Amino acid sequence: MKALLSTATGGPETLTLGELPRPTAGKGQIVIDVKACAVNFPDVLIIEDKYQFRPERPFAPGGEVAGLVAEIGEGVTGFKVGDRVIAGCGNGGMSEAVTVGVHNVYHLPEGHDFAAGASLLMTYGTSIHALVDRGHIAEGDTLLVLGASGGVGIAAVELGKAFGARVVAGVSSEAKAEIARAAGADEVVVYGYQPFDKDASKALANRFKDAVGPDGANVIYDAVGGDYAEPALRSIAWEGRYLVVGFPAGIPRLPLNLTLLKSCDVAGVFWGAFVAREPDRNRANIARLFQLWEQGKIKPRVTETFALADGGKAIAKLGDRSAVGKLVVTL
């Protein structure tokens with residue numbers, strides 16, 4: 001079968017279209033004929049050997065897919081060949097077929113296309129886990145979202161509004177600000193590009209403080225890291241929750257005296273490990289996402305699609321932070 005392959009450590013330019021053996025379904029597994037594969041920042045890291053796990057090469061990147069059930073493994077119930085499904089697969093999604101454990105496969109409701117379906121799990125799954133399980137978001141909270149025009153950022157903005165929060169979005173351009181506003185952000189801070197010296201960092205902290213208001217941000221969703229982290233933390237509320245989601249701008253160093261002064265929490269968000277460790281809680285979150293989707297409170301925003309052979313171009317746009325919304329490879 002055709003697949004976009006990582007055969008050597010490197011950037012998107014190292015990916016080549018090639019062939020892999022067609023997978024089969026083992027115990028507790030489903031083979032999915034892939035119709036769409038969403039692109040996410042972990043795809044940038046995994047081909048550079050910088051992610052939490054390193055698949056044996058050659059492998060196809062792509063951690064979430066939508067498609068049709070092609071084969072059912074021993075012990076699998078609730079699915080049949082031909083069902084429309086979405087699934088989290090970790091890697092292997094940029095191929096004609098992929099094997100997935102049934103614990104992370106979900107029926108795709110009629111009326112939703114494969115591209116949108118492939119865009120739900122990782123971004124919205126990460127964000128609902130972050131905001132609900134780790135951030136304990138409540139109605140009336142103020143939520144600050146960094147990187148609010150990307151996949152997880154848009155999901156965090158939409159979910160924050162769905163849960164009754166006032167949402168302040170942080171983005172790097174006016175074009176991205178429009179994306180955040182369309183997702184429901186109440187206010188937007190457009191910040192410059194790092195690195196920041198001491199004065200620039202202080203200025204950004206003051207802009208965040210002005211935007212979130214005098215009481216500070218109850219929840220900060222940081223999907224950016226780098227020099228943006230400390231200014232954001234300085235805007236946190238008393239007993240606020242700072243959510244560590246990702247580091248496309250680099251891994252930051254936070255002055256821990258700020259956590260004492262604000263009596264705040266810094267919470268890591270590792271959705272993939274949560275799925276593996278607590279599949280029942282994750283399925284409950286995904287069920288809630290489907291309800292919100294049906295109610296029109298969230299909507300995966302697919303902004304661009306790519307052919308399988310051009311999947312590297314999509315990954316490159318994630319890597320240079322030029323992407324807005326969700327990028328999807330279609331087959």
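1. Start with the pairing of E158 and R301. In this predicted model, these two residues form a salt bridge, and their closest N and O atoms sit 2.0 Å apart. It's a good one to find on screen, since the count between domain 1 and domain 2 is one salt bridge. Polar contacts between the two domains come to two residue pairs, both partners being at pLDDT 80 or more. On the side of domain 1 that touches domain 2, the residues split into four charged, three polar and three nonpolar.

2. Now step back to the domains themselves. The assignment gives the protein chain a domain 1 made of two stretches, 2-108 and 301-330, and a domain 2 covering 123-270. Their centres, taken over C-alpha atoms, are 29 Å apart. Ten residues of domain 1 take part in the contact, along with 15 residues of domain 2.

3. How much area do domain 1 and domain 2 bury between them? The figure is about 1000 Å², with 55% of it on carbon and sulfur atoms. On the domain 1 side, keep an eye on R301, R321 and V324: they supply 59% of the area that domain 1 buries against domain 2, more than any other three residues. You've met R301 already, as the salt-bridge partner of E158.

4. R321 turns up again if you look at Y228, because R321 is among the residues in contact with that tyrosine, which is itself buried at a relative accessible area of 1%. Y228 is placed in the loop between β11 (217-222) and α7. Beyond its close sequence neighbours, the other contacts of Y228 include L146, Y191, G192, Y193, Q194 and F196. L204, F208 and A249 are also among the contacts of Y228. For a sense of scale, Y228 and L258 are 30 residues apart in sequence and 15 Å apart in space, C-alpha to C-alpha.

5. On the other side of α7 is S235, in the loop between α7 (229-233) and β12 (236-244). Is S235 buried or exposed? With 2% relative accessibility, S235 counts as buried, because the cut-off for that label is under 20%. The side chain of S235 reaches back to the backbone oxygen of A232, at 2.7 Å. Further along the sequence in either direction, S235 touches L144, F208, K209, V212, G216, A217, I220 and K262. F208 is worth a click here, as it is also listed among the contacts of Y228.

6. Another serine to look at is S119, which lies in the loop between α2 (114-118) and α3 (121-134). S119 has a relative accessible area of 0%, so it counts as buried. What does S119 touch, leaving out residues up to four places away in sequence? The list is A38, E64, Y124, P300, V302, K326 and V328.

7. Back to salt bridges, for the whole tally. The count comes to 16. One of them joins the side chains of D49 and R57, at 3.1 Å from N to O. The two partners get separate labels: D49 is buried at 16% relative accessibility, whereas R57 is partly exposed at 23%. The dividing value is 20%, so D49 falls under it.

8. A helix holds another of these pairs. R181 and E178 both lie in α5 (residues 174-182), three residues apart, which is about one turn of the helix. Their side chains meet in a salt bridge at 2.6 Å, N to O. R181 is partly exposed, with a relative accessible area of 37%, and E178 is partly exposed too, at 45%.

9. Last, try E278 and R281. These residues form a salt bridge in which the closest N and O atoms are 2.9 Å apart. Which residues are linked with them in a network of salt bridges? The network consists of D133, E278 and R281. E278 counts as partly exposed at 32% relative accessibility, and R281 as partly exposed at 39%.

Notes:
Residues are numbered from 1 along each chain as its sequence is written. This is a predicted model: local features need pLDDT of at least 70, side-chain atom pairs count only at pLDDT 80 or more; totals for chains, interfaces and linings use all residues. Side-chain values use heavy atoms; hydrogens and water are left out. Domain bounds come from an automatic or database domain assignment. Contact means heavy atoms within 4.5 Å. Buried area is the accessible area (1.4 Å probe) that two parts lose on being put together, summed over both. A salt bridge is a side-chain nitrogen of Lys or Arg within 4 Å of a carboxyl oxygen of Asp or Glu. A polar contact is a pair of N or O atoms within 3.5 Å; within protein, one must be able to donate a hydrogen and the other to accept it, and residues adjacent in sequence count only if both atoms are side-chain atoms. Ala, Val, Leu, Ile, Met, Phe, Trp, Tyr, Cys and Pro count as nonpolar, Asp, Glu, Lys and Arg as charged, and the others, Gly among them, as polar. Helices (H or I, at least four residues) and strands (E, at least two) are DSSP runs, numbered from the N terminus. Buried means under 20% relative accessible area, exposed over 50%, partly exposed in between (1.4 Å probe, protein chains only).
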